[in-house]
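Please report on this protein model. Cover its salt bridges, its domain interface and its unusual backbone spots.

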Amino acid sequence: MSRESSLEQDAARLDACVARLGEARDMIASIIFGQDDAVDQTLIGILAGGHVLMVGAPGLGKSLLAHTLGKALGLLDKRVQFTPDLMPADILGSEVLEDGPDGKRAFRFIKGPVFCQLLLADEINRASPRTQSALLQAMQEREISVAGYSHALPMPFHVLATQNPLEQEGTYPLPEAQLDRFLLEVRLAYPDQDAERRIVAQTTGRHINRPRQILHTDELIEAQGFVRRLPMPDRVLDTIIALCRACRPESTSFDEIANNVAWGPGTRAAQSLSLACRARAMLQGRFAPSIDDIAALAVPVLRHRFGLTYGARADGFSAASLIMDVLSKIRDQQA
């Protein structure tokens, strides 16, 4: 087969993949009202092959969004409600001693709920740091270790974690190492009046919309492969690197970062932003990311990878405002 015909076949498959993703996005939006940005960002996180942290007050549809997304993408999903007394074995699984057919005793590993393709970690910041850290290896390596043995997780594997605002009682801040494993932090705000009226009208009547499967697992894996094959323009890549380096107090040339940021995003942040921009371009039917993709995704990709100084928090600075200010100045320099 010639290279030209192979490329033509790839282009046709990519077009079909984009169309199917559009169907999935429309189906999800028909159930989740008033959260268009959250729907898009969560779908982008899955397409990019990453994990997503969803932050918002109770009752805004975080768990419903995760379940609907799993159904639409044809993923085996499981849910764990995180509580202060939840133990790592409740997530990973444990070994039990049992009698075999020959009368000999042996240990058998019983898989925990982490053995799925989409794990909803509900209210993850209500569990202790020890339990939160049980997901670290699973999120990064797609495998877990129990009693000295490694167990591979199903592919693909994604974690959608929901988090209540930290000012609520009974919550524990996630450790920085675990926050860095989340490709995106998606924030769900209260819907506007029209969206809220539609939510109440359509979810309290006799007929309720149910999520339905649009994609199969192999189609999602193919879409994730296409994301990594999209070309990255040099100008977009240079802007991503410049933004991440400018957000670190050690390497920045901007006073607002040097004076207000204790620690900034690492190299994984640049990798995450690159993948997210590719995924957004593909979701919108474009075959290469642009600077606009960076502007749309810089905040959800970078803000949870920031450590503001005490003085910055006291003065009302936020990671989001600093990121957009730095990106604006970088774009002005490039113009």
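Arg-13 and Glu-222 join their side chains in a salt bridge, 2.6 Å from N to O. A salt bridge here is a side-chain nitrogen of Lys or Arg within 4 Å of a carboxyl oxygen of Asp or Glu. Arg-13 sits in helix α1 and Glu-222 in helix α9 (residues 217–229), so the pair ties together parts that are 209 residues apart in sequence. Helices (H or I, at least four residues) and strands (E, at least two) are DSSP runs, numbered from the N terminus. Across the whole structure, the search finds 14 salt bridges.

This is a predicted model: local features need pLDDT of at least 70, side-chain atom pairs count only at pLDDT 80 or more, and totals for chains, interfaces and linings use all residues. Residues are numbered from 1 along each chain as its sequence is written, and side-chain values use heavy atoms, with hydrogens and water left out.

**Overall build**

The protein has 15 helices and 11 strands. Its radius of gyration is 21 Å, close to the 20 Å that the globule rule gives for 335 residues, so it is as compact as a globular protein of that length. That radius is taken over C-alpha atoms, and the globule rule is 2.2 Å times the number of residues to the power 0.38. Along the principal axes, the C-alpha atoms fill a box of roughly 75 × 60 × 50 Å.

**Domain interface**

Two domains divide the protein: domain 1 (1–217) and domain 2 (230–334). These bounds come from an automatic or database domain assignment. The C-alpha centres of domain 1 and domain 2 are 25 Å apart. Domain 1 gives 22 residues to the contact and domain 2 gives 18, where contact means heavy atoms within 4.5 Å.

About 1900 Å² is buried between domain 1 and domain 2, with 68% of that from carbon and sulfur atoms. Buried area is the accessible area (1.4 Å probe) that two parts lose on being put together, summed over both. On the domain 1 side, Ile-44, Asp-180 and Leu-183 lose the most area to domain 2, together 29% of what that side buries.

Three salt bridges cross the interface of domain 1 and domain 2. Asp-180 also forms a salt bridge with Arg-268, with the closest N and O atoms 2.4 Å apart. Seven residue pairs are in polar contact across the interface, both residues at pLDDT 80 or more. A polar contact is a pair of N or O atoms within 3.5 Å; within protein, one must be able to donate a hydrogen and the other to accept it, and residues adjacent in sequence count only if both atoms are side-chain atoms.

On the domain 1 side, α1 (3–29), α2 (36–47), α7 (176–179) and β9 (182–187) each give two or more residues. The largest share, six residues, comes from β9.

**Backbone spots**

Most residues other than glycine have a negative phi, and most peptide bonds are trans. The table lists the exceptions picked out here.

| Site | Backbone value | Place |
|---|---|---|
| Met-155 to Pro-156 | cis, omega near -5° | Pro-156: loop between β7 (149–152) and β8 (158–163) |
| Glu-123 | positive phi, about 55° | loop between β5 (118–122) and α5 (129–132) |
| Arg-142 | positive phi, about 60° | loop between α6 (136–141) and β6 (143–146) |
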